[in-house]
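Welcome! Here is a short briefing to help you find your way around a new model. Take a look at the sequence and the structure first, and then we will walk through them together.

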Amino acid sequence: MSINLPKLTIVVPCYNEEATLEETTKELTRVMKNLIADKKINNDSTILYVDDGSSDRTWEIIEEKIASNLFIQGIKLSRNF
């Protein structure tokens with residue numbers, strides 16, 4: 001019997017977060033892996049970073065994380081909202 005597990009998306013608003021993205025990604029990835037291992041969420045769950053018009057390297061770091069971490073997705077807004 002197959003169980004349909006919920007898909008979780010953690011939405012993380014980002015504004016000039018280059019100093020914190022590494023640790024945030026590390027901790028959220030750990031949480032996601034634990035929830036998947038405990039069969040609480042689907043393994044297609046995601047962490048969605050929303051860059052709210054940052055003026056630092058936030059978007060560049062998000063792009064690096066997208067390329068190296070299967071959980072990460074990103075949206076870049078054109079300006080700060």
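Let us begin with strand E1, which covers residues 9-14 and has side chains that alternate between two faces. Ile10, Val12 and Cys14 point to one face and are buried, while Thr9, Val11 and Pro13 point to the other face and are not buried. Please keep in mind that this is a predicted model.

**The wider setting**
- An unreviewed UniProt entry annotates residues 9-80 as "domain: Glycosyltransferase 2-like".
- Within residues 9-80, helix makes up 39% of the chain and strand 24%.
- The C-alpha atoms at the two ends of residues 9-80 are 22 Å apart.

**From E1 to E2**
- E1 pairs with strand E2 (residues 46-51) in the parallel sense, over 6 bridges.
- On the way from E1 to E2 the chain passes through helix H1 (residues 21-37), and this β-α-β crossover is right-handed.
- Two bridge partners help to place the strands: Cys14 is matched with Asp51 in E2, and Pro13 is matched with Val50 in E2.

**E2, a covered strand**
- Is E2 mostly covered or mostly open? E2 is mostly covered, with 6 of its 6 residues buried.
- Thr46, Leu48 and Val50 point one way from E2, whereas Ile47, Tyr49 and Asp51 point the other way, and all of them are buried.
- This fits a broader pattern: in a regular strand, side chains alternate between the two faces of the sheet.

**From E2 to E3**
- E2 also pairs with strand E3, again in the parallel sense, over 5 bridges.
- Between E2 and E3 the chain runs through helix H2, making a β-α-β crossover that is right-handed.
- Across this pairing, Ile47 stands opposite Ile72 in E3.

**Helix H2 and its two sides**
- Helix H2 spans residues 58-68, and its buried residues are Thr58, Trp59, Ile61, Ile62 and Lys65.
- Why do the buried residues line one face of H2? Seen down the helix axis they fall within an arc of 160 degrees, so they share one face.
- These buried residues pack against E1, H1, E2 and strand E3 (72-76).
- On the other side of H2, Ala67 and Ser68 are exposed.

**The nonpolar core**
- The largest nonpolar core has 14 residues, and Val12, Ile47 and Tyr49 have the most contacts inside it.
- E1, H1, E2 and H2 each supply at least two residues of this core.
- Beyond residues up to four places away in sequence, Ile47 touches Ile10, Val12, Leu28, Thr29, Met32, Phe71, Ile72 and Gln73.

**A closer look at Thr29**
- Thr29 lies in helix H1.
- Why does Thr29 count as buried? Its relative accessible area is 10%, and buried means under 20%.
- With neighbours within four places in sequence left aside, Thr29 is in contact with Ile47, Asn69 and Phe71.

How values were computed. Residues are numbered from 1 along each chain as its sequence is written. This is a predicted model: local features need pLDDT of at least 70, side-chain atom pairs count only at pLDDT 80 or more; totals for chains, interfaces and linings use all residues. Side-chain values use heavy atoms; hydrogens and water are left out. UniProt positions are given in the numbering used here, feature names are shortened, and annotations may be inferred rather than shown by experiment. Helices (H or I, at least four residues) and strands (E, at least two) are DSSP runs, numbered from the N terminus. Buried means under 20% relative accessible area, exposed over 50%, partly exposed in between (1.4 Å probe, protein chains only). Two strands pair if DSSP finds at least two bridges between them. A crossover is right-handed if, with the strands pointing away from the viewer, the path from the first strand over the helix to the second runs clockwise. The arc is that of the directions from the helix axis to the C-beta atoms. Contact means heavy atoms within 4.5 Å. A nonpolar core is a set of buried Ala, Val, Leu, Ile, Met, Phe, Trp, Tyr and Cys residues joined through side-chain atoms within 4.5 Å.
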